[in-house]
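Please open the model in your viewer and keep the sequence panel visible. The tour proceeds by selections.

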2 protein chains.
Amino acid sequence: MKKNSAVFKSDVNFKFACNKTLPSIELVYETYGEINADKTNAVLVCHAFSGSHEAAGLTSDGNKTGWWDEIIGPGKAIDTEKYFVVSVNNLGSCYGSSGPKSMIMETNEPYGSKFPDVCVLDWVNSQKLLMDELEIDCWEMVAGGSLGGMQALQWAVSYPEKIKRSAIIAATAQTSPQNIALNEVARQIIRKDSSFNNGEYISHNTTPKEGLKTARMLGHITYLSETNIQRRFGRKKQAPGTKVAEEVNFEIENYLQYKGDQFSEFFDANSYILMTKAMDEYNLADQFDGSMSEALERIKSKLLIISFTSDWLFPSWHSRRLQKDCILYDVESSFIELEGSYGHDSFLFASPEYSKILKTFLGS
Amino acid sequence: MKKNSAVFKSDVNFKFACNKTLPSIELVYETYGEINADKTNAVLVCHAFSGSHEAAGLTSDGNKTGWWDEIIGPGKAIDTEKYFVVSVNNLGSCYGSSGPKSMIMETNEPYGSKFPDVCVLDWVNSQKLLMDELEIDCWEMVAGGSLGGMQALQWAVSYPEKIKRSAIIAATAQTSPQNIALNEVARQIIRKDSSFNNGEYISHNTTPKEGLKTARMLGHITYLSETNIQRRFGRKKQAPGTKVAEEVNFEIENYLQYKGDQFSEFFDANSYILMTKAMDEYNLADQFDGSMSEALERIKSKLLIISFTSDWLFPSWHSRRLQKDCILYDVESSFIELEGSYGHDSFLFASPEYSKILKTFLGS
């Protein structure tokens, strides 16, 4: 599989939906496969909250594969022998695109908590700049899970002429207050870490690692399903001598602490806050004075809406509601609830059915 | 309704299941109604994680009612015109019974994190001491929700001759790893509060209020249901000027911060850790070398097992599993899943059906 990593720099003022402006933005991205002569085989994949542009193949640190490697590659659901796949790190994230860790040119200080509030529409608008740079006229498909699915939906609404298919997976057109509540707990955990320093931890030479760790532990639970945790860990006790901390009794506790610790090594606390706020604020109809019909009637692409049985973070009723609205407002769409025991994370893992559905949709 | 508050002091060594011993224990308790001449009308109600002995009537601060006031009282499901109801604050809690805030006699220092690990069996054993003190030979019913339901089940197993009916509501015979995971996040939040001082915050003159607050915010979400949050708060924004903190956008965030803050004013952090650990450790079969048949075959009382449709902390499959085991091992039991939109908290609120079922069971 041909794979490229690149940085796109836009020196035009970038205006965020919150009305703030940055004089320039940078987006790191990867591409997989090759673009054809008339540039009609391009697919955009959008990452979820803590994902990055590294969607397929080995990651840059060499010891993992990209978050959608089971879906993207030669012969896979998104076949890189046929399609040219673009994957961008979102604005406000911490993997290289402009975000809180970027420097303010004038002061040579990091933006920190002063980075503009981002939203799903900002991501789509910034991806559109990259699309123009790559001289792609129309995406064959925009696809993503979770926060990535919201971007796929937003593309269909914001740039109806620029997208043929939108695959909206384990996502919603309107984040639920339960999700907002869980995100707020995570943010509160981070804010109350004494190393957070109101978001200016870089200037203070501190890192709110403990806060990030605990916030991730909570997030991690919400990405799994009760069944999955039960089957994988059950009530097994952590063997003495293998505990990450003295206070740990059960394997599930040890696992969460371990994974949370890893996460806190690389993720940025301000990005955590920004990205979860973007998720909370997502309500498609809000952009059209509360009118879902106005939003959906703009769509010209086909929609594929997928949910998973064991996903309790974005349960199927979100997808069902979107499908109902699509039927009401005459959008060509299919909704399917798939079996998936990994909870919300099910969207990451290929199954024969899931892969075939994506492949058929993309080839339709 | 005749109501009494009292303190029971036992000066006999109290041995915990963890093998530690206290030279004496104190239990604060309330009683509602009057005991009959032959003491055959006594009911024990057991509280959940953060509950107290104040189950019915006005609470001692005068501005609330007890946690089961909708169920206990004249003419209510547990009718205080007919029954004498006993409600005890659990060992290890922080409402007056012996717990981490109690003083070690020799040193005149609080136990703090050195208070013995408590478990459901310890609570039942301590309640048995009070039962003897009150010269009650047999409970007409032991009833409770959540952690209180585990005590009701434990009573049936540990003291089969001393209980006629056990009402096990929104509970389980074996805490799930998802619950353990959520509890561990809450504990981690508390431990990482810089005022926690490894549990010795009283000696350090600090209080881990922020940790308690955030832990409660998480707990609070798990006690509600997605539907309930959706209906009650939706995506309504908190009006400017009414926000508890600048970072709050949505009503649900404001509400959780407010309630968390209140909770942190009175609850004890070491009790939080002790009580959630007791919940995590609960696995009835463990006490009988993993044999559920051995546990259940001891039971001589009738069981009523109730779950609620919207409870995702102790979902109905826990109750269904217990009912299946009861049928397998010949325990007289009924299981019913009730409609209840309050999530786990549904057990606190009377509905005509729920009340009638409890009343009928108690009168049977």
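The stops below run from the pairing of the chains to the core and then to two helices.

This is a predicted model, in which local features need pLDDT of at least 70, side-chain atom pairs count only at pLDDT 80 or more, and totals for chains, interfaces and linings use all residues. Residues are numbered from 1 along each chain as its sequence is written, and chains are lettered from A and ligands numbered from 1 in the order in which they are written.

**Both chains.** Select chains A and B. A turn of 180 degrees with a shift of 0.0 Å along the axis lays chain B on chain A with an RMSD of 0.0 Å (least-squares superposition on C-alpha atoms of residues with pLDDT of at least 70 in both). This is the relation of a two-fold axis.

**The core.** Next, select Val43(A), Val85(A), Val43(B) and Val85(B), the residues with the most contacts inside the largest nonpolar core, which has 212 residues. Such a core joins buried Ala, Val, Leu, Ile, Met, Phe, Trp, Tyr and Cys residues through C-beta atoms within 7 Å; buried means 20 or more other C-beta atoms within 10 Å of the residue's own, with C-beta atoms placed from the backbone. Beyond four places in sequence, the contacts of Val43(A) include Ile78(A), Tyr83(A), Val85(A) and Trp139(A) (contact: C-beta atoms, placed from the backbone, within 7 Å).

**Helix α4 of chain A.** Select residues 209-223 of chain A. Of the 15 residues in α4(A), 13 are buried.

**Helix α7 of chain B.** Finally, select Ile273(B), in helix α7 (residues 269-281) of chain B (helices are DSSP runs of H or I, at least four residues, numbered from the N terminus). Ile273(B) counts as buried because it has 24 C-beta neighbours inside 10 Å. Leaving aside neighbours within four places in sequence, Ile273(B) is in contact with Arg187(B) and Ile190(B).

Key: Buried ≥ 20, exposed ≤ 12 C-beta atoms within 10 Å, placed from the backbone. Contact = placed C-beta atoms within 7 Å. Helix = DSSP H or I, 4+ residues; strand = E, 2+ residues; numbered from the N terminus. Expected span 1.5 Å × (residues − 1).
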